Amino acid sequence: MYYVDLNSDLGESFGNYTIGMDEEILKYVSSANVACGWHAGDPIVMEKTISLAKEFSTAVGAHPGFPDLMGFGRRNMAVTPEEARAYVKYQLGALMAFTQSKGMKIQHVKPHGAIYNMAAVDEQLARAMCEAVYEVDKNIIFMGLAGSKMISAAEKVGLRAASEVFADRAYNDDGTLVSRKLPGAVIKDKEVAIKRVVRMVKEGKVESINGNDIAIRADSICVHGDNPKALEFVKNIRETLIAEGISIRNLMA
């Protein structure tokens, strides 16, 4: 029996700016990574997103990022492990207030953007974020790039780790994501993306941008919800996975 979690980064609207189609996407994913107000989101958006997640029985995760609204959290910042630990605690605490008020629990923490990519290769940074989560609630799952420093750090700290793969992103030979600045980094052909996902779940392999097969573990698949074709893509990937005998369920199921 094959099974996998389907997640999406949501709650990324801010003030008068609307990003994504959260209400529609939430109907098809099993877990939502909710922005905590630093790279995106605001208190009103957080409240609404948590309410919608509860309505659709979607598991909720905190999606902490760098304090960089203008750069959408995708610009690298020089931070110490102590700063990263505090950043995660602060944002996790903010989202936790909303989940607790709705009678919900936070399932996981998944870092966002630049801090995610930096922690994938920086063990000190990864460990600091994992320690932050452990110190708040050791039962929260830490979600990170499959095969990265985030996964090993979570396990060393004593957290359950969830290995994340990307439906629409290309991989380097070492398992890291191809930089968005390079051609071919984002896979735009949905049929190609879906075939890759099925193979990652069933075979534990993915073809790198250089044409080499690399081993990969897929506990959760990320599908981005911030482009016009996102809804169609999420629906298609869910339908195909189910047709392939792969059950969709959240990380706590």
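This report describes a predicted model, going from one of its strands to its cysteines, helices and salt bridges.

## Strand S2 and its neighbours

Strand S2, which covers residues 31-35, is mostly covered by the rest of the model, and five of its five residues are buried. In a regular strand the side chains alternate between the two faces of the sheet. Both faces of S2 are covered, with Ser 31, Asn 33 and Ala 35 buried on one side and Ala 32 and Val 34 buried on the other.

S2 pairs with strand S1, made of residues 2-10, through four bridges, and these two strands run parallel. Within this pairing, Asp 9 stands opposite Asn 33 of S2. S2 also pairs with strand S3, residues 59-63, again in the parallel sense and over five bridges; here Ala 35 has His 63 of S3 as its bridge partner. Together with helix H2, which spans residues 43-55, the strands S2 and S3 make up a right-handed β-α-β unit.

## Cysteines without disulfides

A disulfide is a covalent bond between the sulfur atoms of two cysteines. How many disulfides does the structure hold? The structure holds zero disulfides, and Cys 36 gives one example of the distances involved: its closest cysteine sulfur belongs to Cys 222 and lies 15 Å away, which is too far for a bond. Cys 130 is likewise in no disulfide, as its nearest cysteine sulfur, that of Cys 36, is 16 Å away.

Are these two cysteines buried or exposed? Cys 36 counts as buried because its relative accessibility is 6%, and Cys 130 counts as buried because its relative accessibility is 0%.

## Gln 91 in helix H3

Helix H3 runs over residues 81-101 and contains Gln 91, a residue that is buried because its relative accessible area is 1%. When residues up to four places away in sequence are not counted, Gln 91 touches Cys 36, Trp 38, Pro 64 and Gly 65. The buried Cys 36 is therefore one of the residues that Gln 91 touches.

## The enclosed helix H4

Helix H4, formed by residues 113-121, is largely enclosed by the rest of the structure, because seven of its nine residues are buried. The buried residues in H4 are Gly 113, Ala 114, Ile 115, Tyr 116, Met 118, Ala 119 and Ala 120. Which elements do the buried residues of H4 pack against? They pack against two helices and two strands, namely helix H5 (123-136), strand S5 (141-145), helix H6 (149-157) and strand S6 (161-166).

## Lys 190 and its contacts

Lys 190 is found in helix H7, which covers residues 190-203, and it counts as partly exposed because its relative accessibility is 27%. Although Lys 190 and Val 234 are 44 residues apart along the chain, their C-alpha atoms are separated by 9.8 Å. Leaving aside neighbours within four places in sequence, Lys 190 is in contact with Glu 232, Phe 233 and Asn 236, and with Glu 232 there is also a polar contact between the two side chains, at 2.4 Å.

## Salt bridges

The structure holds 14 salt bridges. One of them joins the side chains of Asp 68 and Arg 75, at 2.5 Å from N to O. Its two partners are covered to differing degrees, since Asp 68 is buried with a relative accessible area of 7%, whereas Arg 75 is partly exposed with a relative accessible area of 45%.

Other salt bridges span longer stretches of sequence. Glu 135 forms a salt bridge with Lys 89, and their closest N and O atoms are 2.6 Å apart; this pair links distant parts of the chain, with Glu 135 in helix H5 and Lys 89 in helix H3, 46 residues apart. Lys 89 is partly exposed, with a relative accessible area of 34%. Glu 244 forms a salt bridge with Lys 202, with the closest N and O atoms 3.1 Å apart. Because Glu 244 lies in the loop between helix H8 (230-243) and strand S10 (246-248), while Lys 202 lies in helix H7, the pair ties together parts that are 42 residues apart in sequence. Glu 244 is partly exposed at a relative accessible area of 36%, and Lys 202 counts as partly exposed at 30% relative accessibility. Finally, Asp 9, Lys 110 and Glu 164 are joined into one network by salt bridges that share partners.

Conventions:
Residues are numbered from 1 along each chain as its sequence is written. This is a predicted model: local features need pLDDT of at least 70, side-chain atom pairs count only at pLDDT 80 or more; totals for chains, interfaces and linings use all residues. Side-chain values use heavy atoms; hydrogens and water are left out. Buried means under 20% relative accessible area, exposed over 50%, partly exposed in between (1.4 Å probe, protein chains only). Two strands pair if DSSP finds at least two bridges between them. A crossover is right-handed if, with the strands pointing away from the viewer, the path from the first strand over the helix to the second runs clockwise. A disulfide is a pair of cysteine sulfur atoms within 2.5 Å. Contact means heavy atoms within 4.5 Å. A polar contact is a pair of N or O atoms within 3.5 Å; within protein, one must be able to donate a hydrogen and the other to accept it, and residues adjacent in sequence count only if both atoms are side-chain atoms. A salt bridge is a side-chain nitrogen of Lys or Arg within 4 Å of a carboxyl oxygen of Asp or Glu.
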